[in-house]
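Biologist: Please take a close look at one part of this predicted model, the charged side-chain pairs, and then set them beside the nonpolar interior. I would like one connected account.

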Amino acid sequence: MADIPNADSRLGRFIETPVGCEIVRAFVPPSLPPQPPIGILSLLPHLSLAERALGRLDGITTLLPRQELFLYMYVRKEAVLSSQIEGTQSTLADLLRFETEAQFGQPIDDIREVSNYVDAMMYGLERLKELPLSLRLICEMHARLLESGRGGTKSPGEFRRSQNWIGGTRPGNALFVPPPVTELDACLAAFEAFMHEDQSRLPAVIKAGLLHVQFETIHPFLDGNGRIGRLLVTLYLCVNGVLRRPLLYLSLYLKTHRADYYRLLQEVRERGAWEPWLEFFLDGVAETANQAFDAATRIVDLFKTDRDRITAQSDRAGSALRVHELLQQHPFLAAGQLVKQTGLSMPTVNAALADLERLGIVEEVTGRKRGRVFGYRRYLGILSEGTDPLPSSNGMPQER
C-alpha cells in the first residue's frame with residue numbers, strides 16, 4: 001500500500017454557502033499537482049504494469065485489419081457502461097438494435113442517453129483535430145451529451161450556476177458538496193492550467209488519474225459529470241501520445257469496483273490520499289488495457305474462423321461472405337438493410353442468412369416472419385462481456 005504524505009497543504013478548504021434555507025459546507029480542492037509531491041516510488045510497480053499494458057494495446061491497433069470497426073464498437077460499449085454507472089438499464093444489445101431501428105425492450109430515454117454519449121465521445125475525438133483538450137471542448141461535448149432526453153433541462157454545455165451535491169436528499173445531508181459557484185471559475189482555470197503544464201514532469205497516466213478526481217470533485221455541471229470525467233481520461237491519454245487510438249475505457253473497471261471507487265475519491269478529498277487512489281487507478285488502466293487487448297485478439301480470431309467456415313461449408317459462400325462482412329460492422333442487421341447495402345436480391349440474402357444460421361454464426365432476434373433482424377451471436381457475446389445492467393444503486397452516491 002502506498003504511503004500518504006502527512007501534509008495539510010494537500011487538504012482543501014470548506015466554505016459555508018447558503019443553499020435554500022440551510023447553510024452547507026462546500027469543499028474547494030487545492031490546485032494540482034498535489035503538494036507535497038506524489039510519492040512516485042511506491043507507485044512504480046503499478047505504473048510499469050499500466051504502461052506495459054497500454055503499449056501492448058496500442059501496438060495491436062496497428063495490426064487490426066479494421067481499426068475503425070473496433071473503435072466504433074468500443075465507443076458503444078463504453079457508452080453503455082458509463083451510462084449504467086449513472087443509473088440507466090440499457091445493454092449494448094439495446095443500443096445496437098436501437099441504432100439498427102430494430103425492436104428494443106428498454107425505456108427510450110435510457111437508450112437515448114447512451115446514444116447521446118456515443119455522439120459526445122465521437123464529437124470530442126473528431127474535434128481534437130482542430131481544438132486542444134480544454135474547458136471549451138469539455139463544454140461542447142457536454143452539450144452533445146445532454147442534448148435530448150432527461151438531461152435536456154440541466155443546462156447542456158454550460159457550467160453550473162447553482163449548487164449541486166452528491167449523495168443524500170439535500171445539500172445538508174449530502175455525502176459531498178462540491179465548490180460553490182463563487183469558486184467555480186477559479187477551480188476550473190487551475191484545472192485547465194494543469195492539463196497543459198509540464199513542469200511537474202508527471203507521467204501522463206498519473207496526470208490522467210489526478211485530472212479525473214479533480215474534475216469529479218469540482219463537479220462543474222448540473223448533470224453528466226461522471227460520464228464526462230471518465231471520457232476525459234481517454235482523451236487525455238490520446239492527446240499526450242500514450243494511445244494512438246482511443247481504445248481504453250475504464251467504466252467496466254469502475255462499475256465492477258464502484259464501492260472502492262467512491263471511497264477512494266472521498267479519501268482524496270478528506271485526507272489528501274492521492275497515492276491509494278492512484279494505485280487503484282493504475283491497476284484499473286492495466287486491467288482494462290489487457291481486457292481490451294484480449295477482446296480485440298479474440299474478435300480477430302473469430303472473424304477469421306467464421307470466414308474460413310463459410311468458405312468451406314456454405315453452399316453460397318460468395319453472398320454469405322458479403323453478409324458476414326456487413327455484420328462485422330453492424331452486429332444487428334435487418335434483411336432489408338442487407339439487401340440495400342449489398343445490392344443482392346432478397347432471395348439471395350435470405351438464402352445466405354439461412355446458411356449463416358445453419359452454421360451458428362447468426363441468429364434471428366425478433367421472432368417475426370416479416371422485418372426480421374439478425375444478430376452476430378458470438379461477436380456480440382465478446383463485445384457484451386460485463387455490460388449487464390447494474391442492480392439498484394445499492395447506496396452508491398448519486399449526483400444532484
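Modeller: K304 and D308 pair through their side chains in a salt bridge, with 3.0 Å from N to O. Both residues sit in helix α11, four residues apart, so about one helical turn lies between them. Neither end of the pair falls under the 20% cut-off for buried or over the 50% cut-off for exposed. K304 has 48% relative accessibility and is therefore partly exposed. D308, at 42%, is therefore partly exposed as well.

A second pair, R358 and D355, also forms a salt bridge between side chains, here with an N to O distance of 3.4 Å. These two belong to helix α14, which covers residues 346-358, and are three residues apart, again about one turn of the helix. D355 has a relative accessibility of 4%, and because buried means under 20%, D355 counts as buried.

Salt bridges with shared partners also link R127, E130, R136 and E140 into one network. Within that network, E140 bridges to R136, and their closest N and O atoms are 3.2 Å apart. Helix α5, residues 135-145, holds both E140 and R136, with four residues, or about one turn, from one to the other. E140 is buried, at a relative accessible area of 18%. The count of salt bridges in the model is 22. As a general point, side chains of opposite charge can pair when their charged atoms come close.

Now the nonpolar interior. The largest nonpolar core has 116 residues, and the members that touch the most others are F191, L210, W277 and F281. Helix α11, residues 274-313, is the element that gives the most to this core, contributing 17 residues. K304 and D308, the pair described at the start, lie in this helix too. The core takes at least three residues from domain 1 (37-295) and at least three from domain 2 (314-384).

F281 shows what such a core member touches. Leaving aside residues up to four places away in sequence, its contacts are V205, A208, G209, V233 and L250. There is also a second core, separate from the largest and made of six residues, among them V19, V24, A174 and V177. In soluble globular proteins, nonpolar side chains tend to be buried together.

Put together, helix α11 carries the K304 and D308 salt bridge and also gives 17 residues to the largest core.

How values were computed: Residues numbered from 1 in each chain as written. Predicted model: local features only at pLDDT ≥ 70, side-chain atom pairs only at ≥ 80, totals over all residues. Heavy atoms only, no water. Core = buried A, V, L, I, M, F, W, Y, C linked by side-chain atoms within 4.5 Å. Buried < 20%, exposed > 50% of the residue type's maximum accessible area, 1.4 Å probe, protein only. Domains from an automatic or database assignment. Contact = heavy atoms within 4.5 Å. Salt bridge = Lys/Arg side-chain N within 4 Å of Asp/Glu carboxyl O.
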